[in-house]
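Please look through the report below with the sequence and the structure at hand. The text takes up a pocket, the helices around it and the chain as a whole.

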Amino acid sequence: VAELLSQLDVAQEAVALDSTFAMAWTALANAYRNARMPPHLVNDASERAYRFRDRLPDRERYRAVANYFGSGPGRDRARAVEANEAGMRLDPIGFANNLGLLYMERRDYGRAVQVFRLGIQGGNPTTMNFAQALYLLGKREESESIAVEIRRRFPNQTGLTYEAHYLYNRGQLDSAQQQIEYERAEPAATM
């Protein structure tokens, strides 16, 4: 929470100093989104970053365009994918997670797995998204092995491992129901 507030403060200060600072508007849109602020704030910041995108170097411009069309007011998945794919050519690690999520939204799980795998190899922490894409692709054992490793590393984040999915997939319906009830009763376990 403190980190999110700090990101908000820094980005707000930057746009107050220079209202045409496109990267600051992109950072502010991301901070608003991560802090689950009202959508109109995210959209306004995304729109301003998009308006001033021509002032940015290629990598940052692709990020502003991808945000505008992916989760900002532009709402055009095809254009968001185009911008993220262009960004991947310059920075595969930095664009892997968002592009993989867009592929998942399009139900193109094979491409999502490929992109997440690139991101993970480069150090991008997209591991749970990778596990989810594998699961949806039908590679449930590989997905579950990744989730087991995540549970080992982060034992208090069980909800992020989709444990109930794996239990259900194995036919352990009672255990899946218990896991869901546990996560509902212990919200901190899913944060």
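## Lining of the second largest pocket

Helix α6 gives the largest share of the lining of the second largest pocket, namely six residues. The model described here is predicted. In total, 20 residues line the second largest pocket. At least two lining residues come from each of α2, α4, α5 (77-90) and α6 (92-105).

Which residues lie nearest the centre of this pocket? They are Asn30, Arg33, Asn67, Ser71 and Asn98. The space in the second largest pocket is about 490 Å³. Sorted by class, its lining has eleven polar, six nonpolar and three charged residues. As for how such spaces are found, rolling a probe the size of a water molecule over the atoms shows where empty space is left.

## Helices α2 and α4

Two of the helices that supply lining residues, α2 and α4, also meet each other. Helix α2 covers residues 22-34 and helix α4 covers residues 58-70. Their axes come within 10 Å and cross at roughly 40°. An angle of this kind lies outside the ranges for parallel, antiparallel and perpendicular, so α2 is oblique to α4. The crossing of α2 and α4 is left-handed.

On the α2 side, the contact is made by Met23, Thr26 and Asn30. On the α4 side, Glu60, Arg63, Ala64 and Asn67 take part. The residues of this contact divide into three polar, two nonpolar and two charged. Asn30 and Asn67 are thus named twice: in the contact of α2 with α4, and among the residues nearest the centre of the second largest pocket.

## Helices α4 and α6

How do the axes of α4 and α6 lie, and at what angle do they cross? They come within 12 Å and cross at roughly 10°. Angles under 35 degrees count as roughly parallel, so α4 is roughly parallel to α6.

From α4, the residues Arg59, Tyr62, Arg63 and Asn67 meet Gly94, Phe95 and Asn98 of α6. By class, the contact of α4 with α6 has three polar, two nonpolar and two charged residues. Arg63 and Asn67 of α4 meet residues of α6 here, and both also meet α2. Asn98 of α6 is one of the residues nearest the centre of the second largest pocket.

## Helices α6 and α7

Helix α7 covers residues 109-121. The axes of α6 and α7 are 8 Å apart, and the two helices pack at an angle of about 165°. Angles over 145 degrees count as roughly antiparallel, so α6 is roughly antiparallel to α7. The crossing of α6 and α7 is left-handed.

In this contact, α6 contributes Ile93, Ala96, Asn97, Leu99, Gly100, Leu101, Tyr103 and Met104. Helix α7 contributes Tyr109, Arg111, Ala112, Val115, Phe116 and Gly119. The residues of the contact of α6 with α7 divide into ten nonpolar, three polar and one charged.

## The whole chain

The protein chain has eleven helices and zero strands. From the N terminus on, its elements run α-α-α-α-α-α-α-α-α-α-α. Taken along the principal axes, the C-alpha atoms of the chain fill a box of roughly 55 × 35 × 25 Å.

Conventions
Residues are numbered from 1 along each chain as its sequence is written. This is a predicted model: local features need pLDDT of at least 70, side-chain atom pairs count only at pLDDT 80 or more; totals for chains, interfaces and linings use all residues. Side-chain values use heavy atoms; hydrogens and water are left out. Axes are lines fitted to C-alpha atoms, for helices over the stretch in contact, and angles run from 0 to 180 degrees between N-to-C directions. Helices (H or I, at least four residues) and strands (E, at least two) are DSSP runs, numbered from the N terminus. Angles under 35 degrees count as roughly parallel, over 145 as roughly antiparallel, 65 to 115 as roughly perpendicular and the rest as oblique. A crossing is left-handed if the near helix is turned anticlockwise from the far one by less than a right angle, and right-handed if clockwise. Contact means heavy atoms within 4.5 Å. Ala, Val, Leu, Ile, Met, Phe, Trp, Tyr, Cys and Pro count as nonpolar, Asp, Glu, Lys and Arg as charged, and the others, Gly among them, as polar. On a 1 Å grid over the protein atoms alone, a cavity is a set of points where a 1.4 Å probe fits but cannot get out, and a pocket is an open set with protein on both sides within 12 Å along at least five of seven lines; lining residues have an atom within 4 Å of a point. Grid points are joined across faces, edges and corners, and a volume is the space filled by probe spheres set on the points.
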